Amino acid sequence: MTTAPTPVPTPAATELSGGAGASGTATPVPRRRTVKLRGGSWLATVPLFAFFAISFGLPAIAIAIGAFTLSSDAETGAGTFTTQNVTDSVQGAYWTSLLSSVKLSALTALIGTVLGLPIAQAVVTSRFRAVREAVLSASGVLANFGGLPLAFAFVATLGNAGEITKLFHLTDHGWSLYSFTGLTIVYLYFLVPLMVLSITPALDGLRVQWREAAHNNRATTLQYWRHVALPILFPSLLGGYVLLFGSAFAAYATAAAMVGATVPLISRSIADALSGNVLVGQGNLALALSLDMIVVAVVVMAVYLPLQRRSARWLS
Amino acid sequence: MAQLISRVRVWRGVVLLLAGAYFLLPMGASVYFSIDDPKGFTFEAYTGLLGAPGFTDSLTLTLELAAVTVVVLLLLLVPALIAVRLGAPRLRPVLEVVCTLPLVVPPVALTAGLIGVLRWGPDYLMDTPFFQTIVFIQDPKFPIVLVLAYVLMSLPLAYRALDAGLRAVDVRTLVEAARNCGASWPRAVITVVLPNLRGALLNASFLTLALVLGEFTAASILGYQPFAVWIYSVGNSQAQMSVAVSVLSLLITWVLLLLLAAAGRERRYKTAHS
């Protein structure tokens, strides 16, 4: 392919290649003919990077500066450095809400991982292509079905006046949707499908031969899972867990629409501080809380990204 | 062995049935809730929707925001991704990091940051272009600040979708072939590369659309009223209607996804048989 002479278009190609000087005199034996494309193609990435610098960079700077400046609406207070906001943000009610958020996310992500795996496995090993496509497309929809509609659907189902609640008189048995348990059940509604989506490629990557080899060596199914499949899947599973954790941690709308203040969550604390529900002039405290949230998320991502790369080793 | 196989099948069926029950139950209960009435069934929650105050306004705003977000996102991302594949491979890790970073910042925190930036415009800067820009992007008729937030939030999703699409196509060879046939640069990209990315482009657009349709956090904290925020305000007064809207929004998402899958499949079918 590369040896084929390029008859007609060469002049046009050099003419348009942008960095004409460099590309025209390019190495005499180009490994690939596209060397001459090189010129200015990085220019096409400039808009994206510029956009990112402005719309992501500026808020990031605002958080970093705001979290460490004196919380005050007066313009004079803008320059005073303080760690007060950050200290406040990890104390008292705010600390409780951060802990509660982390707890809820860690728990729901764990349950989601444990429940998502068998569903994904059932899908992957199914003989019917239709089952696979149906479950995966349903997962795609449900994984994106966070937020308000989800909250309302569950209020209609298990809320105080919900259909199932009425049908089984759950309230008499002490059931409340507007609690930690209730929130867990609701979160699983989008976390389990998310897990199914994220683990399916890894399960697809498990070779049948590995299973056959294990069985030929008289391994039971349980042993195969314990010693072969799960170790291989582990990075993917952990990666999926982290994804679920992040999803649950960042969720705001569902909880905001459903539980109000009964379960303290960091995302709600930030929203309250921003809208001045608690006290006026807490804008910078909200920024400090956001910083806490980002720190948690960064830690989580620092686990996730290397794992993504590691799982590719076996399962590519 | 036969016993093992049948046991496996039973197990699989049970798992799928249980999962199906859990995921269909709230749907069914929601539909029932939305039409349940002391006197029997009523479809008022659905029929009254169009006439509800704010319904059309908020829906229009959301659709406009979604359209602009999708266009901006694709215009930013597609050229960058193609360029990185063709001529700037060293920028690839940078691009990956840039497109993954928004995942680290939860929407609430991003919104807090945006508000922090918007507060940078004190009154004594009133006459400067900076201040004008800050006012301009907060125009309640079309809040550009929301578009910025949405593009950022959908960046990781769209990047993954497009990257996966590009991975399946040998962009280099395609462009070389097109260029060797005398196509200009824009022509090579638009008529040769983009059609091959149709599935990925649709996928990215759909994910973005779904995200914008359902986004509540940024819009509500910043004080605008697109569709999701409107549903929330309706939910406080008319529970049935809010549930009806939830059911509808799920159906719409589902239909969109099925259309997308169909489009993708058709494409695959064509390439396989041509």
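A residue is taken as buried when its relative accessible area is under 20%. In the predicted model examined here, S89(A) has a relative accessibility of 0% and is therefore classed as buried. This serine belongs to helix α4 of chain A, which comprises residues 84-89. A polar atom of the S89(A) side chain is placed 2.7 Å from the backbone oxygen of V86(A). When residues up to four places away in sequence are set aside, the surroundings of S89(A) consist of Y94(A) and W95(A), together with L285(A), A288(A), L289(A) and D292(A), each of which is in contact with the serine.

Aromatic interactions were then considered across the whole structure, where 13 aromatic pairs are found over all chains. One of these joins F55(B) to W230(B) in an edge-to-face arrangement, with 5.5 Å between the ring centres and an angle of 65° between the planes. Because F55(B) is part of helix α3 (residues 55-86) of chain B, whereas W230(B) is part of helix α12 (residues 227-237) of the same chain, the pair ties together parts that lie 175 residues apart in sequence. Both partners, F55(B) and W230(B), are buried.

Aromatic residues of the two chains A and B also come together in one cluster, which is formed by F154(A) and Y189(A) with Y22(B) and F23(B). A further ring, that of F180(A), takes part in an arrangement with a charged group: the charged end of K103(A) sits over this ring, at 5.0 Å from the ring centre.

Methods:
Residues numbered from 1 in each chain as written. Chains lettered and ligands numbered in written order. Predicted model: local features only at pLDDT ≥ 70, side-chain atom pairs only at ≥ 80, totals over all residues. Heavy atoms only, no water. Helix = DSSP H or I, 4+ residues; strand = E, 2+ residues; numbered from the N terminus. Buried < 20%, exposed > 50% of the residue type's maximum accessible area, 1.4 Å probe, protein only. Polar contact = N/O pair within 3.5 Å; in protein donor to acceptor, adjacent residues only side chain to side chain. Contact = heavy atoms within 4.5 Å. Phe/Tyr/Trp six-rings, centres within 6.5 Å; stacked < 30°, edge-to-face > 60°. Lys NZ or Arg CZ within 6 Å of the ring centre and 35° of its normal.
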